[in-house]
Amino acid sequence: ISGLGAPIIAAGNFTNSGATIVRYISLWNGSSWTTLGGTNGVVYSIKLVGTSIFATGNFTTAGSQSVNNIAQWDGSDWLTLGDGLNNTGYCINNNYYDIICGGIFTTAGSNQSYYFGRYYSPPVISQQSTSMFKCEGENATIFVSSYSGLPLTFQWEKDGTPIGTNNDSILINSVTTADSGVYICTVTNSI
């Protein structure tokens with residue numbers, strides 16, 4: 001069971017909750033257990049990360065989605081995590097938004113991975129500059145804070161034109177009216 005102030009999700013070797021067919025995973029909505037579309041086999045471990053539920057076990061479908069022993073519930077649908085696992089996953093956890101899984105598998109995705117695998121998430125932006133007003137001559141710093149388990153690349157644009165360097169911030173010394181505009185930073189990793 002995963003919960004602690006968040007939605008309560010139960011997973012295991014069960015197919016019903018009372019008269020409701022839930023197929024190995026269920027969500028408590030405050031008054032009754034509801035289905036998340038279920039899986040076709042046992043879910044051994046679940047983890048709530050942000051607004052997503054990650055599940056691993058011994059299953060090849062989650063809802064109507066074909067998966068391989070690991071899947072992500074995004075609030076409305078089940079999603080694959082790459083090529084999944086080639087055998088059963090028994091435990092799942094996270095490091096920020098990266099998903100870590102243990103089990104009796106030998107490949108995770110397309111990588112050889114004996115009993116332990118890590119799914120690197122795309123970059124997650126945790127904070128960014130908001131609109132600002134500066135007088136001519138003042139300095140301005142525009143920034144983005146982002147996390148990823150892999151190295152990040154930053155590409156800044158001003159009004160659609162690439163600018164800056166591969167940094168998480170841009171410092172504009174002694175701003176002028178020519179510096180006003182829309183600044184966008186695209187953050188990527190190798191995913």
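This note goes through the predicted model, from the whole chain to a few single residues.

1. Secondary structure and overall form. The chain contains 22 strands and zero helices. Its radius of gyration is 22 Å, whereas the globule rule gives 16 Å for 191 residues, and because the value is well over that figure the chain is more spread out than a compact globule. Along the principal axes, the C-alpha atoms fill a box of roughly 70 × 45 × 25 Å.

2. Burial, surface and contacts. Of the 191 residues in the chain, 34% are buried. The accessible surface comes to about 10700 Å², and carbon and sulfur atoms contribute 50% of that surface. Among the contacts with a separation of 6 or more, 37% join residues that are 24 or more positions apart.

3. Charges. The chain carries 10 negative and 5 positive side chains, and the centre of the one set lies 11 Å from the centre of the other.

4. The surroundings of Ile99. This residue belongs to strand S13, which covers residues 98-103, and with a relative accessibility of 2% Ile99 falls under the 20% limit and therefore counts as buried. Leaving aside residues up to four places away in sequence, Ile99 touches Val49, Phe54, Ile92, Asn93, Asn94, Gly117, Arg118 and Tyr119. One of these partners, Val49, is 50 residues away along the chain, and yet the C-alpha atoms of Ile99 and Val49 are separated by 8.8 Å.

5. Tyr24, a loop residue with positive phi. Tyr24 sits in the loop that runs between strand S3 (20-21) and strand S4 (25-28), and although Tyr24 is not a glycine, its phi is positive, at about 80°. Is this tyrosine, Tyr24, buried or exposed? Its relative accessible area is 16%, and because buried means under 20%, Tyr24 counts as buried.

6. Tyr115 and the aromatic pairs. Tyr115 is likewise placed in a loop, here between strand S15 (111-112) and strand S16 (116-119), and its phi, near 70°, is a positive value in a residue other than glycine. The chain has four aromatic pairs. Between the rings of Tyr114 and Tyr115 the centres are 6.2 Å apart and the planes stand at 50°, so this pair is tilted. In general, a pair of aromatic rings is described by the distance of the centres together with the angle of the planes.

Note on methods. Residues numbered from 1 in each chain as written. Heavy atoms only, no water. Helix = DSSP H or I, 4+ residues; strand = E, 2+ residues; numbered from the N terminus. Rg over C-alpha atoms; globule rule 2.2 N^0.38 Å. Buried < 20%, exposed > 50% of the residue type's maximum accessible area, 1.4 Å probe, protein only. Contact = heavy atoms within 4.5 Å. Areas by Shrake-Rupley, 256 points an atom, 1.4 Å probe, with all protein chains shown as cover. Lys, Arg positive; Asp, Glu negative; His and termini not counted. Charge placed at Lys NZ, Arg CZ, Asp CG, Glu CD. Phe/Tyr/Trp six-rings, centres within 6.5 Å; stacked < 30°, edge-to-face > 60°.
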